[in-house]
Every structure is written in C-alpha cells, then in structure tokens.
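Colleague: Before I plan anything at the bench, I would like to go through this model with you and ask what stands behind each term that you use.

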Amino acid sequence: MTKLLAFAGSTRNGSFNQAILDVAVEGAREAGAEVTLISLADFEMPIFNEDDESEHGIHANAKAFKELLKSHDGFLIATPEYNSSYPALLKNAIDWASRMEEGEKPLEAYKGKVAGIMAASPGGLGGMRALAALRLLLENIGTMVLPNQRSVAKAGDLVDDSGKLTDEKTTRFLKNLGRDTAHLAQKVSGN
Ligand SMILES: Cc1cc2nc3c(=O)[nH]c(=O)nc-3n(C[C@H](O)[C@H](O)[C@H](O)COP(=O)(O)O)c2cc1C
C-alpha cells in the first residue's frame, strides 16, 4: 500500500496549517493511502551545525525523522509563511534529514518521492510565497512536487475554535490534493 508521511511546519496550538493538513490526510486516506501523521514537536532537534554533527553525529530525533521519510513513498506538507518563506522549524528538519550516513545514498529520504504541499495564513496571500520557496527546495533535493498546491488565505475565518476547517470548497480542494498525492505516489513507487 502507498505510504505518505504528513507533517506541518508549525507546532503552534490551534495551527491553521495543522487544520488544513488534517483535511488533506483525510483525502489521501479515502484514496487508499496509508498516512502517518506526525508533529515536528515530537522530533525536537537543535539548529543544524556541522561542528556538532562531526562531534556527536546526527541527532537522534533527526535520525528518527529521516527514517520516517525514508520509509514512506511521499509526503503531505503544510507550511506557514514566515516573512515570505517557510519557517526555520521546517527547513531545519529537512536539512537534518538530508545528511547522509554510512550505507545510505545521497538524499535517500527525498529522491524519487512525491509531495503535495499546502499553506494557510490569516493573510490575503495564503502563504503562496512560502509554497514557491518550498517547491524549489523540495525539487532541488529530488522530490517531485504536485502542480496543484493549495494556499488557504484568511485561514482564521475558515477554521473553528476546535481547529477544524469549516469551509466546504477549501475542504474539497485539500482532499483532492491529498487524493492526487496518494495517486501519484502510488504510480511513482508502484506500492
Ligand atoms: C515571524 C513571523 C513571520 C510571519 N510572516 C508572514 C508572512 O510573510 N506572510 C503571511 O501570510 N503571514 C505571516 N505570518 C503570520 C502567520 O501566517 C501566522 O502566524 C500563521 O497563523 C502561522 O501558521 P500556523 O497557524 O499554522 O501556526 C508571520 C508570523 C510570524 C510569527
């Protein structure tokens, strides 16, 4: 069965990105994918530093995150937009997991994988600049990003107090993104 790993670039309580990710995950599951939904809060890692890496090796949480990426066929990623790009939390995790260890191929966690990406923001652009930057990053490390990305503007009006997305049209778009990611991951991986 096709396996997708889903994570958001925010660990904030009531995160809008977590809310939209949940919907895309639902869409992927309805399409038959097995989805592992994680929070980066459970994989806390220091800001990457090559001296630390030389001295102590890859941080245990970074290794665990990398193993998860490696064992899945594709990813669903929801990113906030911080100053027109994706947050340091997301970049740091991606950087750690890009480090090669003995017995691994370069960028093994990312190469040949597919990703469905989405963003949510209380602002009017919905994080679309962060998506452009994230797409560039992922494609440069060998992950194929689906063309139908989703940015959700004015997210504060669309997510209720329990952190659930309430807007029907946005729900449909995000479910379709989850479904399409599952289908492409299945085609590419053959799983
Ligand atoms: C440091 C920082 C920079 C931000 N820059 C932007 C920005 O460039 N564009 C935008 O739409 N929102 C920006 N925001 C607002 C975030 O979109 C907002 O905090 C959002 O709720 C974060 O996503 P989350 O709800 O998933 O945590 C910024 C927030 C922070 C903390």
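Modeller: P80 lies in the loop between β3 and α4, where helices (H or I, at least four residues) and strands (E, at least two) are DSSP runs numbered from the N terminus. This is a predicted model, in which local features need pLDDT of at least 70 and side-chain atom pairs count only at pLDDT 80 or more, while totals for chains, interfaces and linings use all residues. Residues are numbered from 1 along each chain as its sequence is written, and side-chain values use heavy atoms, with hydrogens and water left out.

Colleague: Why is P80 called buried?

Modeller: Buried means under 20% relative accessible area, exposed over 50%, and partly exposed in between, with a 1.4 Å probe and protein chains only; P80 is therefore buried, because its relative accessible area is 7%.

Colleague: Which residues is P80 in contact with, leaving aside its neighbours within four places in sequence?

Modeller: Contact means heavy atoms within 4.5 Å, and the partners of P80 include G9, S10, N17, Y86 and A130.

Colleague: What makes the link between S10 and the ligand a polar contact?

Modeller: A polar contact is a pair of N or O atoms within 3.5 Å; within protein, one must be able to donate a hydrogen and the other to accept it, and residues adjacent in sequence count only if both atoms are side-chain atoms. A polar side-chain atom of S10 lies 2.7 Å from an oxygen atom of the ligand, and for S15 the corresponding distance is 2.6 Å.
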